[in-house]
Amino acid sequence: MADRIAAAFAGHGRRAALMPYLMGGFPDLATSHAVAEACADAGADLAELGVPFSDPLADGPTIHAAATEALAAGTTVDDVLGVCDSVAARLPVLLMVYANTVLAGGAEAFVGRAANAGAAGLIVPDLPHDEATELRAACDSRGLALVPLVAPTTAADRLAAIGQDARGFVYTVSLTGTTGERGELPPELSALVERVRAAAAPTPVAVGFGIATAEQARGVGEIADGVIVGSRVVRAAGDGGAEAVRELVGELGRALEP
Amino acid sequence: MSEPAATARPLDRRFGAYGGRYVPETLIPALDELEAAWVEARADPAFAEELAVLLRDYAGRPTPLYRARRLSEAAGRTVYLKREDLLHTGAHKLNNALGQALLARRMGKARIIAETGAGQHGVATATACALLGLECVVYMGSEDMRRQRPNVERMGLLGAEVAPVEAGARTLKEAVSEAIRDWVTNAGHSHYVLGSAVGPAPYPALVRDLQRVIGDEARAQILAAEGRLPDRVIACVGGGSNAIGTFVAFAADADVELIGVEAAGEGIDSGRHSAPLSTGARGILHGSLSAVMQDTDGQIVEAHSVSAGLDYPGSGPEHAHLRDSGRARYVAVTDDDAVAAFRRLCRLEGIVPALEPAHAVAWLLGSGVEAAAGTGPVTANGDGAGLAGGFRASNEGLDLLTLSGRGDKDLAEVLELG
């Protein structure tokens, strides 16, 4: 299943792979199913599927509010794995899931459930490299990629260690902060991506956090292997459901055409 | 000057299985920096001297250890109270806030972030920032702001900005999350003064080290007063900073029983409580693995306690370890029993305790009431009945209880209950 990630990064025919983020169960469970299909319809190369968590420390207001709303409506982890299962045949799905959700029933058990739902990998934003050994082993044994995150603050020696242990791709956090749309991305982003690429090669490097417009996506697509758009997509799902997401992902995809 | 690194001991990142650093990667360098700064500062005699002078001349340390005669009679044991309620700003929180604010200045961080529930840690941090001329932002749930208006005003007078948090139940858990989000963004020039012995490493060890002054003083004071160590050391536990600061000084005294008193809220069976050590599974909240109240999907559940300072669904990782190792035991006391003990201590000793340590007093009185049934002192409203506890007391028993704060902040809440 992790091989599907490599294939998605190799075969997209764009400047970079496009990876929209959607929140499972938001704005409601049925719509989140439709949003996932819309991402695939509109040409997303991979999808990041958020599992709502009560205390999402890495997320800014848009995704935090979406998680709160999904949970208030009664969304369960199984519901979100159902979304994964129904769309996983069409594109590789990475579950964005907080550490306590993974560990609540045991890491191996969670990885088993994710594998059975067809997930290609996990992204755990509050499980830094030092704490990730056990989960990485569990993912490896089921063919899932545990995708690590790096940040602008990550020092060179740490970056090297993370790059060596990376699976699937390296999720490069563009800025020091939480998720959310930004008017401008940091001017140092290109240098950061180069540092990450040097540490992680041949693993692909994708960039997320802050990317909100087609223009920003194109700019990131020129320097990175993948472009992740989260809060903007979640906002579209909340405002206009699957149709709005289909339109947005289509527009972002066109911005990444060579 | 000696080379700090030569005397520096490493800080605990784990307590048995518990602790760790479950935070976004962005924060790891800030945690590394903080850990290194504290290892260096605590080995630096100049830092220790500056903090000790402030604690003595500004905050009012050492706080007294008071032999509570009428409380002792009621409990059927000799009881000493460690009077953190007499510390400047009215609670033990200032020990930690002063230490961390000095550390922040040493690290060159001019902006301080803090969270607060009832407002005691927010007031302590705002006080330390006023003293040292640091910018201060305090995150506070809007529901807590409504309930604790006087402390909001105090923070404003002290020059702090109080930032309302509208997420979730608008209480302490969400305030901590929002403070961490601020720190993720601003760690370069800001220090986060976490108020309890929770959070990612090095916070549980850092806060314990700064609160250890409670236990170190109390141990020396009771030896001086009684010529022996207490049989039991009792403290309330929310996140657990006053308890760990007390317990750590007695940890090597194997004959001293350590008892942490959690908030049972409306009763453990009601599900509306704040007793993760008594009931919670292993889980991750706010960056550390500890005992956490959660559902089967791993969603953190809302805590409940009449005491805002105990109203938190997690606990310090060192407490979880002390529980598992059997070195300390943890019990829980309901809202009703804590409020009854609050009133009783007012009448018995002329001390208005905060609702947090009133839980510890309630447990103590519960044990006394059980042992002295029929012969115990009569109280005005008979409110000793039904108190928790369950420890058979003896008149030879010697107890030390940390009275972590005073109850001025709780008057409205208690009076409203009638």
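1. A polar contact, as the term is used here, is a pair of N or O atoms within 3.5 Å, where within protein one atom must be able to donate a hydrogen and the other to accept it. By this rule, 17 residue pairs are in polar contact across the interface of chain B and chain A, with both residues of each pair at pLDDT 80 or more. That condition is worth keeping in mind, as the structure discussed in this note is a predicted model.

2. The extent of the interface can be given in residues and in area. On one side 28 residues of chain B take part in the contact, and on the other side 35 residues of chain A. The area buried between chain B and chain A is about 2500 Å², and carbon and sulfur atoms give 51% of that area. Within chain B, the residues that lose the most area to chain A are B:Glu25, B:Arg181 and B:Asp297, which together make up 27% of what that side buries.

3. Charged pairs also cross the interface, where the count between chain B and chain A is 4 salt bridges. B:Lys173 forms a salt bridge with A:Asp55, and the closest N and O atoms of this pair are 2.8 Å apart. As for the elements involved, helix 2 (28-42), helix 9 (172-186) and strand 11 (281-285) of chain B each supply at least two residues of the side of chain B that touches chain A. Helix 9 of chain B gives the largest share of that side, with 7 residues. Sorted by class, the side of chain B that touches chain A has 11 nonpolar, 10 polar and 7 charged residues.

4. Over all chains, the structure holds 54 salt bridges. One within chain B joins the side chains of B:Glu226 and B:Arg67, at 3.3 Å from N to O. This pair links distant parts of the chain, since B:Glu226 lies in helix 10 of chain B and B:Arg67 in strand 3 (residues 65-67) of chain B, 159 residues apart.

5. Turning to enclosed space, the count comes to 9 cavities of 30 Å³ or more. The largest cavity holds about 410 Å³ of space. It is lined by 34 residues, of which B:His92, B:Lys93, B:Ser196, B:Gly309 and B:Leu310 are the closest to its centre. Strand 5 (111-116), helix 6 (120-132), helix 9 and helix 11 (241-247) of chain B each supply at least two residues of this lining. The lining of the largest cavity divides into 12 nonpolar, 17 polar and 5 charged residues.

6. Some details of the backbone deserve a look in the model. The peptide bond from A:Phe26 to A:Pro27 is cis, with omega near -5°, and A:Pro27 has its place in the loop between strand 1 (17-23) and helix 2 (29-41) of chain A. In chain B, a cis peptide bond joins B:Ala201 and B:Pro202, with omega about 15°, and B:Pro202 is found in the loop between strand 8 (190-193) and helix 10 (203-226) of chain B.

7. A further backbone point concerns B:Arg170, a residue other than glycine whose phi has a positive value, near 60°. B:Arg170 is found in the loop between strand 7 (161-165) and helix 9 of chain B.

Key:
Residues are numbered from 1 along each chain as its sequence is written. Chains are lettered from A and ligands numbered from 1 in the order in which they are written. This is a predicted model: local features need pLDDT of at least 70, side-chain atom pairs count only at pLDDT 80 or more; totals for chains, interfaces and linings use all residues. Side-chain values use heavy atoms; hydrogens and water are left out. Contact means heavy atoms within 4.5 Å. Buried area is the accessible area (1.4 Å probe) that two parts lose on being put together, summed over both. A polar contact is a pair of N or O atoms within 3.5 Å; within protein, one must be able to donate a hydrogen and the other to accept it, and residues adjacent in sequence count only if both atoms are side-chain atoms. Helices (H or I, at least four residues) and strands (E, at least two) are DSSP runs, numbered from the N terminus. Ala, Val, Leu, Ile, Met, Phe, Trp, Tyr, Cys and Pro count as nonpolar, Asp, Glu, Lys and Arg as charged, and the others, Gly among them, as polar. On a 1 Å grid over the protein atoms alone, a cavity is a set of points where a 1.4 Å probe fits but cannot get out, and a pocket is an open set with protein on both sides within 12 Å along at least five of seven lines; lining residues have an atom within 4 Å of a point. Grid points are joined across faces, edges and corners, and a volume is the space filled by probe spheres set on the points.
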